[in-house]
Amino acid sequence: MSTLTEAPPPLAPTEPARKPPRRRGRLVPYWLLLPGILWLIVFFALPMIYQASTSVQTGSLEEGYQVTWRFATYWDALSGYYPQFLRSVLYAGSATILCLVLGYPLAYLIAFRAGRWRNLIMILVIAPFFTSFLIRTLAWKTILADGGPVVGVLNTLHVLDVTSWLGMTQGDRVLATPLAVVTGLTYNFLPFMVLPLYTSLERIDPRLHEAANDLYARPVTTFRKVTFPLSMPGVVSGTLLTFIPAAGDYVNADLLGSTDTRMVGNVIQTQFLRVLDYPTAAALSFILMAAILVMVTLYIRRSGTEDLV
Amino acid sequence: MTNDTGGDVRLSGISKHYGSFTAVHPLDLTVPQGSFFALLGASGCGKTTTLRMIAGLEEPSGGTVHLGEQDVTVLPPYKRPVNTVFQSYALFPHLDIFENIAFGLRRRGIKSVKKQVDDMLDLVQLGEHARKKPHQLSGGQQQRVAVARALINHPRVLLLDEPLGALDLKLRRQMQLELKRIQTEVGITFVHVTHDQEEAMTMADTVAVMNAGRVEQLGSPSDLYENPRTTFVANFLGTSNFIAAEVDSTSGDDVVLKAGGGKLTLPAARCSAPATTGGKVLAGVRPEKISLTHADDAGGIPAGRNRISGRIAGSSFIGVSTQYVVDSPVCPEFEVYAQNVDRDERLVPGADVVLHWNPAHTFGLDAAQDIDAGIQEEAAS
Amino acid sequence: MTAVNWLKRNLVVIAGLLTLAYLLLPNVVVTVFSFNQPKGRFNYEWQEFSTAAWRDPCGVSGLCGSLGISLQIAFWATVGATLLGTMIAFALVRYRFRARGAVNSLIFLPMAMPEVVMAASLLTLFLNLGAQLGFWTILIAHIMFCLSFVVTAVKARVMSMDPRLEQAAQDLYAGPLQTFLRVTLPIAAPGIAAGAMLAFALSFDDFIITNFNAGSTVTFPMFVWGSAQRGTPVQINVIGTAMFVVAVLLVLVSMAIGNRRKKHKA
């Protein structure tokens, strides 16, 4: 009987075998990183090194190439192709500014004024991506066609006179001119401007606008002093996401331009895939990369934004 | 539970460092089975770290954690018979209420959870919300889900990390009573971390006041309030007035102090400072123990009471009582709470008054500490 | 006066809608011209209405084959980049480790590099290694440039996740694997899905890097590029229009389902 009423003996005070201090997953992060980082090292970083070495080689396709530290290739590439470099910067820069000017109202519209249409407009901004960008770029050939309605309107409004005088168009044509290339670049990279702008605008508390209005700021002042400064992260990442791919692009210049609108991308592509002058192509590509990295670094430092990604 | 000490939580010499910062100094603490225990302190005092070490979410730098007779110091959280109600609840947003509550049972391989979950939903009065997602519930409802999700596992100890912090005042009061009811009903040991002294005093049987990684004082709420042993505890729990004084003499069970020109008496048992003649002592008294009499009527004050004269510097009427601030030579801002029973119209700022109280309500503290300890922290929380 | 005020107040709306029109104009043209019956080899001028191309979308040799290759590559590139990228994102958010700065730069640089530079340097590598250009080199390249975008998308989601959710799971008897499968993964899923969708779109539509590293393999964008030189069949517009419509429908349907579920639950 007594055994029933007695409480069971307490568990023997266990002396748990003390494991060495738990090293909960000290190696885990490295295993997680390994495959992806290895991929990037082998297929992104290593190729850069190969390319650097190619750019200082001499030789020919038939006899093979040797590293001879011929830095003159860089000089030749720069002096031979500086117009294309300048054009790249000029076209990409104009496209970036146009994207900012055109994209800001759209991003603002989606963030603050779209109401229940917000999702629909977002879809309409993103959906064109699903039609191959080459097909869409080709559509500009139709839109800007000689004697077409767009050219007609521009002509009647004497816009073409102004742009010809600026050297952006020639005669009655838009196609195969710098204007066409910049139009195409602007069009192609506009969503890359709108989306980051929208993201940073959307984070702004609308009450800040009310507060600014309450503190005697007119709408324009509110925008200048409150909205725009707060959207700076979006402006910075938007301009980078537009400028970088635009500067290296050769599709728009090829499809919408002429031999007079060739950009550095066109040169690299031709040298690599048609002329097969690998050292020159590698040197050009290296210069482009270096130039963009320098510009991006300076830009980021000036605008003081650190988290771009 | 098969044995009586199965729900005891025993911390022996437990400590936690982060680099050179010590979050918890070596700490011994026993929480008896079935009690409602509160760790009270300002943010950063080490109370949450202590709780997380019991839960297994934080590895102690030294010392051991025992549950009953079992040493659980090295057990990961998912092997400890302990459950936590997290700050801001940490309900799984992708699971509905039913699945949130069933989570622990399912992880332990229990197949038929319906009955238990339904019972638990009834206990916290959320039966009709079983298929909603957490974000569709109000704060108070989410809080009850968090409690149910932990309790359904019949833990030996339930840990609550600021469980009511996200609720508004009224709901908080209601949930305090609710949690107390649940604890009485299920009889599980509760360890409750909070920065709210009223919450700790309302709910807990035993309160440990923590400050800078150490337990300052441990006891029942009334004991802590009436007999604080440090200025931190005296200020953190409610409000205290302090008079810097000097021991004049000891007579029987009383200590007589000299303060300014007058004398104050306090029971020797309530003096935590050494009562040697000439020694410095802080004499403390709670504002609500003090009576306020206009100087013209001072003759009517019974003999044997501690008395101090002063002048009213300010007063604020807050309904049930009026709070006065009185300037006196021995203490610059004496706080006095007077019940609004028979209001004396003469007690307005500028009036000369006499403060008097029963000597038994005086407590004595070591003068070698900061008079204002614990005030800032409470105001900040 | 009221008209001027109205215009003033809605200036930004009008400007925004004009930009939207600019963005959509080419899609309208692509759609309209999918019903064209061009006279010459190029489909740039409107001739007459015809549904011939819609009735025979694969009528041009090589077109549907290239579409198949593109879809295959996009699928595998998505799988690869999502897997590797998700792992990196978790490591970056959840663990402390050495060389974090170097890892972050290695993730960021591919996104800050003109495609033509990556394309050319990768080709240099493949030529040096004597690799056979084709399906596999394209896939390798696509995983490489999609990876960073997946990392960014997943990282954002995992960073916004309350670490207490995982602690709660552990507290409720879920071991590390169970915690990951039952809590971490489901909550990170929208970020992973966003990263995967981005990877698919980027890979499917990539031309520049593919053009350098494809050898004789022809993806859909390369087919379009080639036809821009030789003659553009109407079927290209058919495919482009169909993709646009399918994408919009998919999004609308998923949104409708989401709305209904919300209403149903509330």
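Helices and strands here are DSSP runs, with at least four residues for a helix and at least two for a strand, and they are numbered from the N terminus. With that in hand, chain B turns out to have 9 helices and 20 strands, while chain A has 14 helices and 2 strands. Keep in mind that this is a predicted model. Its overall scores are ipTM 0.89 and pTM 0.80. Below is a quick tour, chain by chain and then across the places where chains touch.

**Chain A: helices and record annotations**

- Of the 309 residues in chain A, 41% count as buried.
- Take the contacts in chain A between residues at least 6 apart in sequence: 69% of these join residues at least 24 apart.
- An unreviewed UniProt entry marks "transmembrane region" at residues 28-50, 89-112, 119-139, 175-198, 226-247 and 281-300 of chain A.
- One of those stretches, residues 89-112 of chain A, is 100% helix and 0% strand in the model, with 33 Å between its end C-alpha atoms.
- Another, residues 175-198 of chain A, comes out at 88% helix and 0% strand, and its end C-alpha atoms are 32 Å apart.
- UniProt (again an unreviewed entry) also puts "domain: ABC transmembrane type-1" on residues 85-299 of chain A.
- Over residues 85-299 of chain A, the model gives 78% helix and 0% strand, and the two end C-alpha atoms sit 19 Å apart.

**Chain B: helices, strands and two domains**

- Chain B has 381 residues, and buried ones make up 43% of them.
- Its C-alpha trace spans about 80 × 45 × 40 Å along the principal axes.
- If you look at chain B contacts between residues at least 6 apart in sequence, 67% link residues at least 24 apart.
- The domain assignment splits chain B into domain 1 (9-231) and domain 2 (232-380).
- The centres of domain 1 and domain 2 of chain B, taken over C-alpha atoms, are 37 Å apart.
- Where these two domains of chain B meet, domain 1 puts in 13 residues and domain 2 puts in 20 residues.
- On the domain 1 side of that contact, strand S9 (206-211), strand S10 (214-219) and helix H7 (221-226) of chain B each supply at least two residues.
- Sorted by class, the side of domain 1 of chain B that touches domain 2 has 5 nonpolar, 6 polar and 2 charged residues.

**Chain C: confidence and two domains**

- The average pLDDT of chain C is 90, and 97% of its residues score at least 70.
- Which elements of chain C have the lowest and the highest mean pLDDT? Helix H12 (residues 234-265) of chain C is the lowest at 83, and helix H4 (residues 63-94) of chain C is the highest at 95.
- Chain C is divided into domain 1, built from 1-58 + 235-266, and domain 2, covering 61-232.
- The C-alpha centres of domain 1 and domain 2 of chain C are 28 Å apart.
- The contact between these domains of chain C takes 7 residues from domain 1 and 7 residues from domain 2.
- By class, domain 1 of chain C brings 4 nonpolar, 2 polar and 1 charged residues to its contact with domain 2.
- In an unreviewed UniProt entry, "domain: ABC transmembrane type-1" is placed at residues 67-257 of chain C.
- Residues 67-257 of chain C are 82% helix and 0% strand, with end C-alpha atoms 29 Å apart.

**Where chain A meets chain C**

- In this pairing, 71 residues of chain A are in contact with 68 residues of chain C.
- Helix H2 (residues 28-55) of chain A provides the largest share of the chain A side, with 19 residues.
- By class, that side of chain A has 56 nonpolar, 12 polar and 3 charged residues.
- For a close-up, try C:Ala120: setting aside its neighbours within four places in sequence, its contacts are A:Gln51, A:Ile268, A:Phe272, A:Ala281, A:Ala282, A:Ser285 and C:Phe212.

**Where chain B meets chain C**

- Here 21 residues of chain B are in contact with 17 residues of chain C.
- Strand S6 (82-85) and helix H2 (97-107) of chain B each give at least two residues to the chain B side.
- H2(B) gives the most, with 3 residues.
- The chain B side has 10 nonpolar, 6 polar and 5 charged residues.

**The nonpolar core**

- The largest nonpolar core has 253 residues.
- The residues with the most contacts inside that core are A:Ala107, B:Ile54, B:Ile101, B:Val191, C:Ile88, C:Ala120 and C:Cys146.

Terms used: Residues are numbered from 1 along each chain as its sequence is written. Chains are lettered from A and ligands numbered from 1 in the order in which they are written. This is a predicted model: local features need pLDDT of at least 70, side-chain atom pairs count only at pLDDT 80 or more; totals for chains, interfaces and linings use all residues. Ala, Val, Leu, Ile, Met, Phe, Trp, Tyr, Cys and Pro count as nonpolar, Asp, Glu, Lys and Arg as charged, and the others, Gly among them, as polar. UniProt positions are given in the numbering used here, feature names are shortened, and annotations may be inferred rather than shown by experiment. pLDDT is the predictor's confidence in each residue, from 0 to 100. A residue is buried if 20 or more other C-beta atoms lie within 10 Å of its own, exposed if 12 or fewer, and partly exposed in between; C-beta atoms are placed from the backbone. A nonpolar core is a set of buried Ala, Val, Leu, Ile, Met, Phe, Trp, Tyr and Cys residues joined through C-beta atoms within 7 Å. Domain bounds come from an automatic or database domain assignment.
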